[in-house]
Amino acid sequence: MLDTLTQGDPAFADDVLTGLSQPQKTVPCRWLYDERGSVLFEEITLLPEYYPTRTEAAILEACAADVASAAGPGATVVEYGAGASVKTRLLLDAMQDVHCYVPIDVSAEFLAESAARLEADYAGLQVVPVVSDFLSPIDLPAESEGPGPAVGFFPGSTVGNLTDEEIADFFERARRDLGDGASFVLGADLKKSADRLIPAYDDAAGVTAAFNLNLLARINRELGGTFDLTRFIHEARWNEARSRVEMHLVSQGTQTVRVCDAEFRFEDGETIHTENSRKFARGELSALAVRRGWETTEVWMDDDGLFSVMMLKAA
């Protein structure tokens, strides 16, 4: 059985109360992904402005056979931040006799639904979901151990949500989790014009805005918040100095909001910083990975150089 996040989850409450107390108010992006947030994010991936998903999928379709060949038969696929596991199917279709698939995600309900769909579509595939934040230490279930090596999978450029320190720690933990002989397939968005980036994070249909504002609805529901969602708007900003798109929720007017037993004042135009989506220079992630027990064996890109998929090997 999957453990679900309870209402009033202490970690959620702590992150929200701590983050809203900072000079630049912030809430970690992992809390965007409750069940509703996960559904909205899957809608985002289908939007015409959102190039990363379809670009990465095309790259994975082209390189899946190479990944399967490197892994060999009997491998265990471990996906960090699994979501709907859509791109995972490209690997599963190419791999031989997969021993086990371990999707890791924070949204228990969404994870259970995705796991059930995979089990229905892939007869005989053992799916062992793990409800966890991939930035936390993860104990892989005993049934995940099989005759072949582990293959880590981290698509979607989710790595761009992390700082250098978090990326380094993640690489180190994944090396320890996956063990000797492991491979790691990683998607990363590349640096490009802000004119291409901003529409991808502020679409004309308003789906990304709904995704971002859903965080406030979650705070209201789970932590007794009093946010008026009509008095905040979504904004995507390009931060050139840090090579990242930032998502903010911008206060429309001066207002005071309660969360749990605390009050937080917002000035007109003040923001809650909810997510970073960093864009990488070629070779930047390889340099971080090599210091944490990995070596880069392959890098695939689309013809326009928008996105890259890397394959790492445990050093």
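In this predicted model, V299 stands opposite M310, a residue of β13. The two strands involved, β12 and β13 (residues 307–314), run antiparallel to each other and are joined by 7 bridges. They belong to an open sheet of 7 strands, and reading across that sheet gives the order β4-β3-β2-β5-β6-β13-β12, with mixed pairing. At the edges sit β4 and β12 (294–301); each has a single partner strand, so one side of each has no neighbour in the sheet. As for where side chains point, those of a regular strand alternate between the two faces of the sheet.

A further open sheet is built from 4 strands, again with mixed pairing, in the order β1-β11-β8-β7. Here the edge places go to β1 (25–26) and β7 (232–239), and because each has just a single partner strand, one side of each is left free of a sheet neighbour. Moving inward, β8 (residues 244–251) pairs with β11 (residues 271–278) in the antiparallel sense, over 7 bridges. Within that pairing, L249 has I272 of β11 opposite. On its other flank, β8 meets β7, and this pairing is antiparallel too, with 8 bridges. F232 faces S251 of β8 across it. β7 and β8 form a hairpin with 4 residues between the strands, and in this hairpin S243 takes a positive phi near 50°.

Two helices lie across part of this sheet. Helix α7 (residues 194–201) crosses β7, β8 and β11, and runs at about 155° to β7. Helix α8 (residues 207–223) lies across β7, β8 and β11 as well, at about 60° to β8.

Next come the aromatic rings. A pair of them is described by how far apart the centres are and by the angle of the planes. The model has 19 aromatic pairs. In one of them, F134 and F154, the ring centres are 5.0 Å apart and the planes meet at 70°, which makes the pair edge-to-face, because an angle over 60 degrees counts as such. This pair ties together distant parts of the chain: F134 is in the loop between β4 (130–131) and β5 (150–154), F154 is in strand β5, and 20 residues separate them. Are these rings buried or exposed? F134 has a relative accessibility of 13%, so it counts as buried. F154 is buried too, with a relative accessible area of 0%.

F171 and F184 make another edge-to-face pair, with 6.3 Å from centre to centre and 85° between the planes. F171 sits in helix α6 (residues 164–178) and F184 in strand β6 (residues 183–189), 13 residues apart, so this pair also links distant parts of the chain. Both F171 and F184 are buried. The picture gets wider from here: ring pairs link Y80, F134, F154, F170, F171, F184 and W294 into a cluster.

Some rings have a charge for company instead. The charged end of K25 sits over the ring of F266, at 4.9 Å from the ring centre. R218 does likewise with F12, its charged end lying over the ring and 4.6 Å from the centre.

Last, the cysteines. How many disulfides are there? The count comes to 0. Among the cysteines, C29 is buried, with a relative accessible area of 17%. C100 is buried as well, at 0% relative accessibility.

Note on methods: Residues are numbered from 1 along each chain as its sequence is written. This is a predicted model: local features need pLDDT of at least 70, side-chain atom pairs count only at pLDDT 80 or more; totals for chains, interfaces and linings use all residues. Side-chain values use heavy atoms; hydrogens and water are left out. Two strands pair if DSSP finds at least two bridges between them. Contact means heavy atoms within 4.5 Å. Axes are lines fitted to C-alpha atoms, for helices over the stretch in contact, and angles run from 0 to 180 degrees between N-to-C directions. Rings of Phe, Tyr and Trp (its six-membered ring) pair if their centres lie within 6.5 Å; planes under 30 degrees apart count as stacked, over 60 as edge-to-face and the rest as tilted. Buried means under 20% relative accessible area, exposed over 50%, partly exposed in between (1.4 Å probe, protein chains only). A charge sits over a ring if NZ of Lys or CZ of Arg is within 6 Å of the ring centre and within 35 degrees of the ring normal. A disulfide is a pair of cysteine sulfur atoms within 2.5 Å.
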